[in-house]
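The following exercises concern one protein chain. Please work through each task with the sequence and the model in view before reading its solution.

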Amino acid sequence: MVKYLKQYRIPFSGLTAGKHDFEFEIDDKFFDCYEHSLVKNGDLKVLVQFQKQETMLIVNFSIEGTIKLTCDVCLNEFDSPLQFTERLIVKFVNEEWDNDTEEVLVLSKTDYELDIAGLLYEYINVRVPYYTKCSEQGINLTCDAEMLSKISNSSQENESSTEEEKIDPRWAALKNIKNN
Ligand SMILES: [Zn+2]
């Protein structure tokens, strides 16, 4: 458990019945905590609303902001807007419960806080498109023409010098620098 993520734990045991709102920020440091995160950079606001009842907690998430995506065509990096809501039902039970589904999270009566870091991580990462293209973002973005011609030139060169380029990861690093 990475220390930075401790701030995403919401204590609920002392809360009265009814609605309670919480706000969180998600930034690059959040994604740094997850080695395999598809998203490396982002800036999002998270509103969490608890509806506490005797035997359960209804948790509504409202997430809005941007994540950094890389175009699969021109390698351009851009901020992609993201806005969505999620709902989670948390039930408290004493006995063993093996009916744990996606929507219902079961906690024991002795649990006193809800760790939302892993949930947020999942909610955001499942929304990363499998294929990203500038012009398909709906934010008036087009592929970087200069970069496109560079890529097509270098892929022609690749055909003659594939070996060298494959074993030299510095090429990839250089591409990133040009991109910035
Ligand atoms: Zn592009």
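## Exercise 1: Architecture and confidence

Task: State how many helices and strands the protein has, and give their order.

Solution. The protein contains four helices and seven strands, where helices (H or I, at least four residues) and strands (E, at least two) are DSSP runs numbered from the N terminus. Along the sequence, the pattern reads β-β-α-β-β-β-β-β-α-α-α. Residues are numbered from 1 along each chain as its sequence is written. The model is predicted: local features need pLDDT of at least 70, side-chain atom pairs count only at pLDDT 80 or more, and totals for chains, interfaces and linings use all residues.

The next step concerns confidence. The average pLDDT (the predictor's confidence in each residue, from 0 to 100) is 85, and 81% of the residues score at least 70. Among the elements, S2 has the highest mean, 98, and helix H4 (residues 170-179) the lowest, 57. Where pLDDT is low, the predicted coordinates should not be read in detail.

## Exercise 2: Helix H2 and the core

Task: Determine which residues of H2 are buried and which strands they pack against.

Solution. A residue is buried if 20 or more other C-beta atoms lie within 10 Å of its own, exposed if 12 or fewer, and partly exposed in between, with C-beta atoms placed from the backbone. In H2 (residues 117-125), the buried residues are Ala117, Leu120, Tyr121 and Ile124. They line one face of the helix, because they fall within an arc of 100° when seen down its axis; the arc is that of the directions from the helix axis to the C-beta atoms. Their packing partners are strands S2 (18-26), S3 (42-52), S4 (56-70) and S7 (113-115).

Next, consider the largest nonpolar core, a set of buried Ala, Val, Leu, Ile, Met, Phe, Trp, Tyr and Cys residues joined through C-beta atoms within 7 Å. This core has 18 residues, and those with the most contacts inside it are Val46, Ile116, Ala117, Leu120 and Ile124. Two or more residues each come from helix H1 (28-32), S3, S4 and H2; S4 gives the largest share, five residues.

Finally, take Ile116. Leaving aside residues up to four places away in sequence, Ile116 touches Tyr8, Ile10 and Val48, a contact meaning that the C-beta atoms, placed from the backbone, lie within 7 Å.

## Exercise 3: Strand pairing around S5

Task: Describe how S5 pairs with S4 and with S6.

Solution. Two strands pair if DSSP finds at least two bridges between them. S4 and S5 are antiparallel, with 15 bridges, and Ser62 stands opposite Thr85 in S5. Six residues lie between the strands of this hairpin. S5 and S6 (residues 104-108) run parallel and are joined by five bridges; here Val93 stands opposite Ser108 in S6.

## Exercise 4: Positive phi outside glycine

Task: Compare the settings of Leu75 and Asn140.

Solution. Leu75, in the loop between S4 and S5 (77-93), has a positive phi near 65° although not a glycine. Leu75 is partly exposed, with 17 other C-beta atoms within 10 Å. Asn140, in the loop between H2 and helix H3 (145-166), likewise has a positive phi, about 55°, without being a glycine. Asn140 counts as exposed because 7 other C-beta atoms lie within 10 Å.

Key. Contact = placed C-beta atoms within 7 Å.
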